[in-house]
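Please open the structure in your viewer and keep the sequence panel visible beside it. The tour below proceeds by selections, and each stop states what is to be found there.

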Amino acid sequence: MRIAVLCAALVLFSAAGFAQPAGQQPSAGQPPAGQPPAGLAPGEVQRLLDGFALVQAQDFLALSDAQFNAFVPKLRVLQEARRRNEQERLKLLQELRQMTNGRMGQVPESDLHDRLRLLRELETRAAGEIQRAMDGVDQTLDVRQQARFRLFEQQIEQRKLQLLMRAREMNRANRPPAQ
């Protein structure tokens, strides 16, 4: 399993230009550095990033093979809980945006109140679910690894943001000039 995860992570980061030496031109059929392969769906990118996080976690946290085998399913539960709850949250926020948009006319305050209540309930439920998933991860780690895991998560989020910013810059640079 670790080999499959590593291969997926290498595909993503070589496609993003992280594994390609500076100044080296991409081979035929390979996208330029900083650009994902054509047709890569957002869900695939997320799975590759999750795989990259798994591979990096074993080294960053100095996990034994036994710990890694217990850690992987717990981390996946945490990742899925965060993703699912964030998607639900974004859906509710989009509904609120539409309901408060002047073009829709007057939406009854009771409808807005219902959506806000659903959002609060989701936030409460999500916090509990994510905390339980984090507790599951912590059960596989010693105290030092738990502390390093918090640092690791911050580092991975920073890398994701850097990758996103780099992709946006590449998109801007590759846009045809306005006429």
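A crossing of two helices is called right-handed if the near helix is turned clockwise from the far one by less than a right angle, and left-handed if the turn is anticlockwise. This term will be needed at several stops. Please keep in mind throughout that the model is a predicted one.

**Stop 1: the whole chain**

Begin with the entire protein chain in a cartoon display. Its secondary structure consists of five helices and zero strands, and reading along the sequence gives the pattern α-α-α-α-α. Of the 179 residues in the chain, 29% are buried. Switch to a surface display next. The accessible surface of the chain is about 11800 Å², and carbon and sulfur atoms account for 56% of that area. Among the contacts in the chain with a separation of 6 or more, 67% join residues 24 or more positions apart.

**Stop 2: helices α2 and α5**

Return to the cartoon and select α2, residues 42-60, together with α5, residues 143-174. Two packed helices are described by the angle between their axes and the distance between the axes. How do the axes of α2 and α5 cross? They come within 11 Å and cross at roughly 140 degrees, and the two helices are therefore oblique to each other. The crossing in which α2 passes α5 is right-handed.

Now show the side chains at the contact. On the α2 side, select Gln46, Leu49, Asp50, Phe52, Ala53, Gln56, Ala57 and Phe60. Their partners in α5 are Arg148, Leu151, Phe152, Gln155, Ile156, Arg159, Lys160 and Leu163. By type, the residues of this contact divide into nine nonpolar, three polar and four charged.

**Stop 3: helices α2 and α3**

Keep α2 selected and add α3, residues 65-100. These two helices pack at an angle of about 145 degrees, with their axes 10 Å apart. The crossing of α2 and α3 is right-handed.

Display the contact residues as sticks. From α2 come Gln46, Asp50, Ala53, Leu54, Ala57 and Gln58. From α3 come Asp65, Phe68, Phe71, Val72, Leu75, Arg76, Gln79 and Arg83. The residues of this contact comprise seven nonpolar, three polar and four charged.

**Stop 4: Asp50 and Gln79**

Zoom in on Asp50, in helix α2. Is Asp50 buried or exposed? Residues under 20% relative accessible area count as buried, so Asp50, at 11%, is buried. Leaving aside residues up to four places away in sequence, Asp50 touches Gln79, Arg83 and Lys160.

Move next to Gln79, which is found in α3. Gln79 has a relative accessibility of 15% and therefore counts as buried as well. With the same neighbours in sequence left out, Gln79 touches Asp50 and Ala53.

**Stop 5: the loop at Ala62**

Select Ala62, which is placed in the loop between α2 and α3. Ala62 is exposed, with a relative accessible area of 59%. Its backbone deserves attention: Ala62 has a positive phi of about 55 degrees although it is not a glycine.

**Stop 6: helices α4 and α5**

Select α4, residues 109-139, and α5 once more. The two helices pack at an angle of about 125 degrees, with their axes 10 Å apart; α4 and α5 are therefore oblique to each other. Their crossing is right-handed.

Which residues meet here in α4 and α5? Met134, Val137 and Asp138 in α4 meet Gln146, Phe149, Arg150 and Glu153 in α5. The residues of this contact divide into three nonpolar, one polar and three charged.

**Stop 7: Leu78**

Finish with Leu78, in helix α3. Leu78 is buried, with a relative accessible area of 0%. Which residues does Leu78 touch, not counting residues up to four places away in sequence? They are Ile130, Ala133, Met134, Val137, Phe149 and Glu153. Among these, Met134 and Val137 in α4, and Phe149 and Glu153 in α5, take part in the contact of the previous stop.

As a last step, draw a distance between the C-alpha atoms of Leu78 and Glu129. The two residues are 51 residues apart along the chain, and these atoms are separated by 8.6 Å.

Note on methods:
Residues numbered from 1 in each chain as written. Predicted model: local features only at pLDDT ≥ 70, side-chain atom pairs only at ≥ 80, totals over all residues. Heavy atoms only, no water. Axes fitted to C-alpha atoms, helices over the stretch in contact; angles between N-to-C directions. Helix = DSSP H or I, 4+ residues; strand = E, 2+ residues; numbered from the N terminus. Parallel < 35°, antiparallel > 145°, perpendicular 65-115°, else oblique. Contact = heavy atoms within 4.5 Å. Nonpolar A, V, L, I, M, F, W, Y, C, P; charged D, E, K, R; others polar. Buried < 20%, exposed > 50% of the residue type's maximum accessible area, 1.4 Å probe, protein only. Areas by Shrake-Rupley, 256 points an atom, 1.4 Å probe, with all protein chains shown as cover.
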